[in-house]
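Biologist: I should like to understand how the terms used for this structure are justified. May we go through them one at a time?

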Amino acid sequence: MHFSKIAALAAAFGPLVSAHPGHDHKAELAERAAILSKLSRKDLSHCAAKLKARGIEARSIKRRNALAAEILKRSNIKRDVTEVLATSHHSSESYTLATPESTIFATNNSCVLSPEVTEGPYYVAGEYIRQNVIESQAGVNLTLDIQVLDTETCEPVTGAYLEIWHCNSTGVYSGVSASGNGNSATDTSNLDATFLRGVQLTDSDGTVQFDTLFPGHYTGRTNHIHVMVHMNATATTTNNTLLDTTHVGHVGQIFFDQDLVTQVEATSVYAANTQTLTTNDEDGILTQEAATSDPLMEYVLLGSSVDEAGLLGWISFGINTTLSKEVSAAATLYETGGQTNAGSGVGGGPGGPPSGTGVPTGGVPTGTGAPTA
């Protein structure tokens with residue numbers, strides 16, 4: 001539903017803009033394009049009939065309906081879940097209250113992840129295996145339902161670790177110390193921070209859920225969430241983290257409708273961010289991903305506004321399970337705290353958050369204790 005608009009944008013977009021401080025994406029994106037040109041499958045459209053026949057689509061609808069009902073109950077909002085799920089807030093659709101939830105939740109935007117897309121300079125290895133990654137941060141609540149499918153077989157990818165990470169409402173990433181990341185270059189306690197980062201193991205339908213916040217923005221990038229799939233990785237038993245940089249085959253980013261971004265950015269927490277807002281049509285990474293798939297998340301508002309009860313969002317990722325690579329982590333979270341990795345390339349420069357933006361909203365946690373489940 002978003003693909004035609006974004007695909008047209010991809011064709012018209014000029015040179016790729018710098019997305020992170022001290023990091024040139026051009027070579028990595030060129031490698032990704034070369035790999036994608038050789039793949040027999042570039043999206044999940046061929047899987048629709050099989051997913052429906054095997055009941056995977058029906059289970060997805062039921063799961064998302066239950067998630068929405070649970071969030072409304074937790075928020076103590078007296079609202080009929082059927083009405084909530086029958087109301088679309090997509091800019092390109094016109095669902096009404098009469099539209100059944102099965103129609104809404106049957107829509108699956110999908111993006112094929114490649115081992116050649118960049119993980120960016122703010123990836124941190126050793127993050128906690130947990131569903132709730134919010135900690136003490138403030139912002140618009142976002143519950144994610146993510147499904148991973150094999151592009152060749154259309155089967156769910158089970159028993160794989162899916163990891164997410166993104167910046168907070170002020171454009172700051174936890175776990176790294178860099179001049180382009182808030183004031184973390186001088187306040188190195190941010191190395192111990194773990195907010196808005198987490199890992200989950202895919203279930204029998206290839207799905208995971210996360211409780212997080214809508215990502216903020218920073219200069220040079222539109223609002224986005226990083227996602228990575230780890231194949232054949234093993235969790236640490238001492239502190240329930242995943243320390244893996246050698247079995248990673250699939251990296252990508254999740255994006256959002258521009259009208260939704262506008263609504264979120266108008267709320268008080270996000271409006272306090274003084275960095276330049278980059279729109280979707282100005283973002284080079286979104287353009288590159290959208291050239292072969294639809295990386296924009298489907299969603300519904302669970303309250304009457306974005307900040308009343310937050311959002312439920314869902315997306316499917318297709319991966320080729322035979323591909324893998326090593327990734328470069330800017331830092332690693334150990335039991336004793338975070339540690340910058342030599343030669344990781346983080347730092348200031350065009351496209352990253354300017355220094356002096358202040359500590360992350362909600363303060364910087366130590367990150368050494370057990371996270372919330």
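Biologist: Why is Glu289 called buried?

Modeller: In this predicted model, Glu289 has a relative accessibility of 1%. Buried means under 20%, so Glu289 counts as buried. Glu289 belongs to helix 9, which spans residues 284–290. Its C-alpha lies 9.5 Å from that of Ile254, although the two are 35 residues apart in sequence.

Biologist: Thr278 is found in a loop, between helix 8 (268–271) and helix 9. Is Thr278 buried or exposed, and how do you know?

Modeller: The relative accessibility of Thr278 is 8%. That value falls under the 20% limit, and therefore Thr278 counts as buried.

Biologist: Which residues are in contact with Thr278, leaving aside neighbours within four places in sequence?

Modeller: They are Tyr218, Thr219, Gly220, Arg221, Thr222 and Asp283. The C-alpha atoms of Thr278 and His217 are separated by 7.6 Å, with their positions 61 residues apart along the chain.

Biologist: What makes the pair Thr278 and Gly220 a polar contact?

Modeller: A polar atom of the Thr278 side chain lies 3.2 Å from the backbone nitrogen of Gly220. The limit for such a pair is 3.5 Å, and the distance of 3.2 Å is therefore within it.

Biologist: Why is Ser177 called buried?

Modeller: Ser177 has a relative accessible area of 17%. Because the limit is under 20%, Ser177 is buried. Ser177 is placed in the loop between strand 5 (161–165) and strand 6 (197–201), and its side chain reaches the backbone oxygen of Ser184 at 2.7 Å.

Biologist: What makes strand 2 (124–125) and strand 14 (337–340) edge strands?

Modeller: They belong to an open sheet of 3 strands with the order 2-13-14 and mixed pairing. Strand 2 and strand 14 each have a single partner strand, so one side of each is left without a neighbour in the sheet.

Biologist: How do you know that strand 13 (residues 331–334) and strand 14 pair?

Modeller: Pairing requires at least two bridges. Strand 13 and strand 14 are joined by 4 bridges, and they therefore pair; they run antiparallel. One of the bridge partnerships is that of Thr332 with Gln339 in strand 14.

Biologist: Which residues touch the most other members of the largest nonpolar core?

Modeller: That core has 36 residues, and those with the most contacts to other members are Ile146, Leu162, Phe214, Phe256, Leu260 and Leu311. Among the elements giving two or more residues to this core are strand 4 (141–150), strand 5, helix 7 (258–265) and strand 12 (311–319). Apart from it lies another core, of 20 residues, including Tyr128, Val248, Val251 and Ala330. In soluble globular proteins, nonpolar side chains tend to be buried together.

Biologist: What does Leu162 touch, not counting residues up to four places away in sequence?

Modeller: Among the residues that Leu162 touches are Ile146, Val148, Val199, Phe210, Val227 and Met228.

Biologist: How many helices and strands does the protein have, and what share of its residues counts as buried?

Modeller: The protein has 9 helices and 14 strands. Of its 373 residues, 57% count as buried.

Biologist: Where is the pLDDT below 50?

Modeller: The average pLDDT is 73, and 63% of the residues score at least 70. Over residues 1–25 the pLDDT is below 50, and over residues 83–95 pLDDT stays under 50 as well. Where pLDDT is low, the predicted coordinates should not be read in detail.

Technical notes: Residues are numbered from 1 along each chain as its sequence is written. This is a predicted model: local features need pLDDT of at least 70, side-chain atom pairs count only at pLDDT 80 or more; totals for chains, interfaces and linings use all residues. Side-chain values use heavy atoms; hydrogens and water are left out. Buried means under 20% relative accessible area, exposed over 50%, partly exposed in between (1.4 Å probe, protein chains only). A polar contact is a pair of N or O atoms within 3.5 Å; within protein, one must be able to donate a hydrogen and the other to accept it, and residues adjacent in sequence count only if both atoms are side-chain atoms. A nonpolar core is a set of buried Ala, Val, Leu, Ile, Met, Phe, Trp, Tyr and Cys residues joined through side-chain atoms within 4.5 Å. Contact means heavy atoms within 4.5 Å. pLDDT is the predictor's confidence in each residue, from 0 to 100.
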